Amino acid sequence: MSKGQQTREAVLEAALAAASTSGLSAVSIGELARTVGMSKSGLFAHFESKENLQLEVLRTAVAHFIADVVAPALRKPRGEARVRALFENWFAWSSNAALPGGCLFIAAASELDDQPGPVRDYLVASQRDWLGTLSQAVRIAVDEGEFRKDVDAEQLAHDLYSILLAYHHFSRLLQMPAARERAFRSFEQLMESARATGQKTGSAPSSRGSKPRPRR
């Protein structure tokens, strides 16, 4: 990797952490240059505009998400174990120390929902892809006979997504101590409602003491 590429990656990691707490709109080339100790002109040469910088921050977040959440889950057995891994990995990723403000996608969704443009379009596409991944994992669990045949995969993906949205709100805004425990309880209830008759209960994810997944 060239020095220029190393510099660019370091800048994007700093921008990602800043965006998770302050929002994408607060990440400007000038502010980021001060944070990483570069000249504004030097940083501008890497990104050329604030919009390009925001797009690259989101692309960096998606790349980390795939590496930390999706790829490890896809190595799990087809069925409930894979659905469970997607949820657990996602939950751990949203609590990663590299994202002090929590899940960037949730923060960016509130920020960009009424702001049309390339940045919003990219965020929407990435979240539709994620919902598609969740839905496909559910469909596979149905095909494997672990979930009921009448399970609505899109509805279950919607409900899984909603759990983390609620957790983000209850834990960060309302600072409810029981937010994590309630989120996992909701997840287990979803799995129980989807599970085919005769299937054994899956191993419940621990709601206490779990450590953030290290960044790859």
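Trainee: In this predicted model, which side chain makes a polar contact with the side chain of Glu 56?

Mentor: To place the residue before naming its partner, we can note that Glu 56 sits in helix α4, which covers residues 50-74. Its side chain forms a polar contact at 2.7 Å, and the partner is the side chain of Arg 59.

Trainee: Which residues does Glu 56 touch, once those up to four places away in sequence are not counted?

Mentor: Arg 59 falls outside this question, because it is not among the residues listed once those up to four places away are set aside. With that rule applied, the residues that Glu 56 touches are Arg 8, Leu 12 and Phe 47.

Trainee: How confident is the predictor in the protein, as an average pLDDT?

Mentor: The confidence is not even along the chain, for pLDDT stays under 50 over residues 203-216, a stretch for which the model has 39 contacts beyond four places in sequence. Over the protein, 90% of the residues score at least 70, and the average pLDDT is 86.

Trainee: How many salt bridges does a search of the whole structure find?

Mentor: The idea behind the search is that side chains of opposite charge can pair when their charged atoms come close. One such pair is Asp 150 with Arg 148, whose side chains meet at 2.7 Å, N to O. Asp 150 is exposed, with a relative accessible area of 57%, while Arg 148 is partly exposed at 31%. Across the whole structure, the number of salt bridges found is 10.

Trainee: How many residues apart in sequence are the parts that Glu 80 and Arg 195 tie together?

Mentor: The side chains of Glu 80 and Arg 195 meet in a salt bridge of 2.9 Å, N to O. Glu 80 belongs to helix α5 (residues 80-94), whereas Arg 195 belongs to the segment after α9 (179-194), so the parts that this pair ties together are separated in sequence by 115 residues.

Trainee: Are Glu 80 and Arg 195 buried or exposed?

Mentor: A residue counts as buried when its relative accessible area is under 20%. Glu 80 has a value of 5% and Arg 195 has one of 7%. Because both values fall under that cut-off, Glu 80 and Arg 195 are each buried.

Trainee: Which residues are linked with Glu 80 and Arg 195 in a network of salt bridges?

Mentor: The pair of Glu 80 and Arg 195 does not stand alone, since both belong to a network of salt bridges. Besides these two, the residues linked in that network are Arg 84, Glu 188 and Glu 192.

Trainee: Which helices does the salt bridge between Glu 154 and Arg 139 tie together?

Mentor: The side chains of Glu 154 and Arg 139 meet at 2.6 Å, N to O. Both residues are partly exposed, Glu 154 at 47% relative accessibility and Arg 139 at 32%. Glu 154 lies in one helix and Arg 139 in another, 15 residues away in sequence, so the elements tied together are α8 and α7.

Trainee: About how much area does the nonpolar surface patch that includes Phe 170 have?

Mentor: Phe 170 is part of helix α8, which spans residues 153-173, and at 34% relative accessibility this residue counts as partly exposed. It makes the patch together with Leu 173, Leu 174 and Met 176, and the area is about 370 Å².

Trainee: What is the phi of Gln 175, and why is its sign worth noting?

Mentor: Most residues other than glycine have a negative phi. Gln 175 is placed in the loop between α8 and α9 and is exposed, with a relative accessible area of 60%. Although Gln 175 is not a glycine, its phi is positive, at about 50 degrees.

Trainee: Which residues is Thr 21 in contact with, leaving aside its neighbours within four places in sequence?

Mentor: Thr 21 is found in helix α1, residues 3-22, and counts as partly exposed at 49% relative accessibility. Its side chain reaches the backbone oxygen of Ala 18 at 3.0 Å. When neighbours within four places are left aside, the residues in contact with Thr 21 are Pro 100 and Gly 101.

Note on methods:
Residues are numbered from 1 along each chain as its sequence is written. This is a predicted model: local features need pLDDT of at least 70, side-chain atom pairs count only at pLDDT 80 or more; totals for chains, interfaces and linings use all residues. Side-chain values use heavy atoms; hydrogens and water are left out. Patches are made of residues with over 30% relative accessible area and no salt bridge: like charges are joined within 9 Å, nonpolar side chains (Val, Leu, Ile, Met, Phe, Trp, Tyr) within 5 Å. Accessible areas come from the Shrake-Rupley method with a 1.4 Å probe; for residues, only the protein chains shown count as cover. A salt bridge is a side-chain nitrogen of Lys or Arg within 4 Å of a carboxyl oxygen of Asp or Glu. Helices (H or I, at least four residues) and strands (E, at least two) are DSSP runs, numbered from the N terminus. Buried means under 20% relative accessible area, exposed over 50%, partly exposed in between (1.4 Å probe, protein chains only). pLDDT is the predictor's confidence in each residue, from 0 to 100. Contact means heavy atoms within 4.5 Å. A polar contact is a pair of N or O atoms within 3.5 Å; within protein, one must be able to donate a hydrogen and the other to accept it, and residues adjacent in sequence count only if both atoms are side-chain atoms.
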